[in-house]
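Work through the following exercises with the coordinates open, and compare each result with the solution set out beneath it.

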Amino acid sequence: MPHHSGTHRPVTIQNSSLAVDGEEVSLYGGAVHYWRLERDRWEPILDSVKRMGFTMISIYIPWEAHEIEKGRFDFGEINPSNDIDAFLTLCEQKGFRIVVRPGPQINSELTWFGYPRRILADERLHAVSGKGSKVILTQVPKPIPALNYASEAFYEETALWYDAICSILAKHAYPNGGIVSAQVDNEMAYFFGVNAYIADYSAESLENYRAFLVGKYGDLPGVAAAYSRPYAELSEVEPPRRFEATDKADIPWYADWAEYREQYLVDAMDRLAGMMRERGLGGITLFHNYPHPLGPGGAASGFTTPFNLMRLEDKLDFVGFDIYSRKELFSHVKTVASYVAGTSRYPYIPEFIAGVWPWYLNPGDWHDEEFVTKAALMQGIRGFSRYMLVERDRWLDSPVRRDGRERPEKVAMFGNVNAMLDRGEYHRFRRDADVLLLANREYDRLEATSVLVSFPGDFLETPSGFSEYAGPVTVSEATLGFDQPVQLAKGTWFGAFSDALAATGASTVLSDTDLRPERWAGRKVVVLTTLDYLDEGVQRGLVDFARGGGHVVIGPKVPGLDSVMRPCPVLADAVGEALADAAGDVVTAQVGAGSVTVVTQLDAVPQAVARVVRDAGAHEVVTNDPRLDVTIHSDPHDPGTLLVFVANPTAEPVDAEVGLGVGLKEVREVWDDRDVTTSGTTVAERMAPYSIHVYRCTVTA
C-alpha cells in the first residue's frame, strides 16, 4: 500500500529513516549480482561483504536473464546461478536485510538493459521522437530502442514478468523474510534522452499529454485560454517539437510540455508500483532511483526537470539520486546529496560508487570513493547501496573480485566507513539546516525546453564535454519580451545565492519550488531566484512563510505575473510600500512576523544574504579559510552532542580553524578514532588535500 494509505505496514519511513515494525534501522549495503556469479561463490562472497560491516544486500533481478521465452522463466532449473529463491534464502541466513530491484528496466550495463530481446523488437513498445522517428539509446554496448512507458502493451508484457518474479519475492518480503524494500524500475530519464524533444511523442503519450492539460486547466477552453490559441477539439492540441518561442505568452506551452514529461515518469512508476503491490509487495517500502540531475562531470545546470522527486514521493515511499563521482567534484556531490537530504522523506543513495563501468573516462580510485562517501554523509544522506561490491562483466575495481579475492585497500576503507557510522552513532543524528535554498523549477522547465541542440552521449561525461542536459552553452538566448533571458539569468542568480550562503557559514540544504510550503516549516530562511513570473501558489507560500516569522530572500525581481503570464501581485502586494520607496539594491519589507528581502543587483547578494541570515538567528559556523565546508548534525534526544563534518575539497593542505559557536568539552575524530585537543569553541587541525574530518563533539550547555 502507499505510504499514506493508513493501512498498517511492517516496513515504513519515519523520521527520515527506514523503520521495521516501528524501529528505525540503518540501510547500508551494496549490490551483489547472483546471476553473474558462479553459485559456489555466493557464500564466500557474502561472507566478505559481512566482514566489511555491511548489513544489506541490493539485488538486480533481470527479466532478460530469466526469460526463456514469453511466459517461461528459468529460476535455477537450467542455470543454477539463476536460483533467486536460493540466493535470497542465503542472504537471510547470513542476517542481511535485502533490497530487490526487479525492473522491468535495470540497465546494469546489460546489452538489452534487462529486457528480453523480443520486447525491444516489438515496435508497439517503442518511444517516438519529436520528429516521429524511433528513439535510440546509445549508452550501452549496443544501441537499443527506447521504450514507450505509456503503452498499454508494455504493461501487459511486464505483468508476465511481475507474475513470475513477485511470486518468489513475496515469500521473502518482510515479515516472511529479509526483503525490506523494492525498487520500481530504474533510472527513468527517457533512457537518458533528457532533451525535451527526444521523447515521447507516441500516440499513447500524446493522449496522456492532452489529459494532463485538461486536468491542469479544467477543460479545453481553459487550455485554450492558457495558450491564447483557439482550439476547437482536444486533438488539435499538439506539444512543441522544437524551441521557437518569441514572446512570454509562448512560455506556458513549452513549460507544460516539460511538466508533462515529469508526470509521464511519475505515472509510469506509479503504475508499476501498483502492479508490485498487487503481487504481494504491499507491506514493504517501494522506491525509485533517478540518475544524477547534473551535466557532464557534475557541472551544475537546471537540475530539477524531468526529475520530480516530490511528485513521485506522492506515489512511492522514497526517491533517491545515484551518485558516481570523484574527489575533484565535491560541489557536484554536495548539490545532489543536499538536494536529496532537503527533499526526500528518506535521504538514500540507491547507487553509490564502488568500482566503475569500463567506459567511464575518469573513474578515480579508492581515495575518491572514501572522500565522496564522507561528502555525501556530511550533507545528510542516511542510507546507501554500494554499486558494486563484487566485480563482474562490464564492471571494474570493486572491493571483491568476481572469484572472491579481496582488494585489501578497498575492503579496509569500506569497512572503516561502516565502523565510523557505528562509532559515531550516525543513525542518531539529523542534519541541521536553518536555511532552505530553492531551485526554481518553473525556470528550469523553461531552460529545458529552450534547448536548441542535443548532444547524445554518456550521461556522465562525453569526450566533447557537452551534455545532453540543457545548459548555458545549448539554450536559446531569446528574451521573450523580458529584459533578460530567464532561462540563463536564473542559473547566474542561483549560483550567486548559493555562494553567498556558503560564505556565511549558515547551514543550508537544497530543494525546489515543487516542495510543498508546509515542508519549509522549521527553516528560518528561504532563498529563491525570482524574475518576471512565478506560480501563484509559490508566491503565496513565500508570503505565508514570512507572515509566520520566516525570512525570505528573493531577487532580482518581484514577479508581477503568474505561470501563465497573467497579472499576479501576491508578492508585490506583500512588499508594498517598501519596494515603492526603494532607492538601493536591497529592499526589506516586514511581512507579518517575518520579512521579505529583495536583492536587485548581483554584487549586492553577499552582503544582503549575510544580513538576513544573521538577523534570522541562523546558526553560523566561522572558518579561517573560505575553501572549507562544514555541516553540523544534532541528536534530537541529546542536545549535548553534535556530529560535525569539516571538508577540505581542494588540492592544497589547509590549516583549518572552525568555530562552532558552542562550548566544546570533548572532541573525537571518529574516522581515525582519536581524541582531538580543543579549547573554547574552536576545532583546529591541519587537513590534507581532499580530506574530510568527522568530529563527535560533547558541548557545554
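**Exercise 1.** Determine whether Cys166 is buried or exposed, and describe its surroundings.

*Solution.* Cys166 has a relative accessibility of 0% and therefore counts as buried, where buried means under 20% relative accessible area, exposed over 50% and partly exposed in between, with a 1.4 Å probe and protein chains only. This is a predicted model, in which local features need pLDDT of at least 70 and side-chain atom pairs count only at pLDDT 80 or more, whereas totals for chains, interfaces and linings use all residues. Residues are numbered from 1 along each chain as its sequence is written, and side-chain values use heavy atoms, with hydrogens and water left out. Next, place Cys166 in helix α5, residues 152-172, helices being DSSP runs of H or I with at least four residues, numbered from the N terminus. Finally, leaving aside neighbours within four places in sequence, Cys166 is in contact (heavy atoms within 4.5 Å) with Arg279 and Leu281.

**Exercise 2.** Find how many disulfides the structure holds, and explain why Cys91 does not bond to the closest cysteine sulfur.

*Solution.* Begin with the criterion, a pair of cysteine sulfur atoms within 2.5 Å, under which the structure holds zero disulfides. For Cys91, the closest cysteine sulfur belongs to Cys166 and lies 18 Å away, which is too far for a bond. As for accessibility, Cys91 is buried because its relative accessibility is 0%, and Cys568 is likewise buried, with a relative accessible area of 3%.

Note on methods: Helix = DSSP H or I, 4+ residues; strand = E, 2+ residues; numbered from the N terminus.
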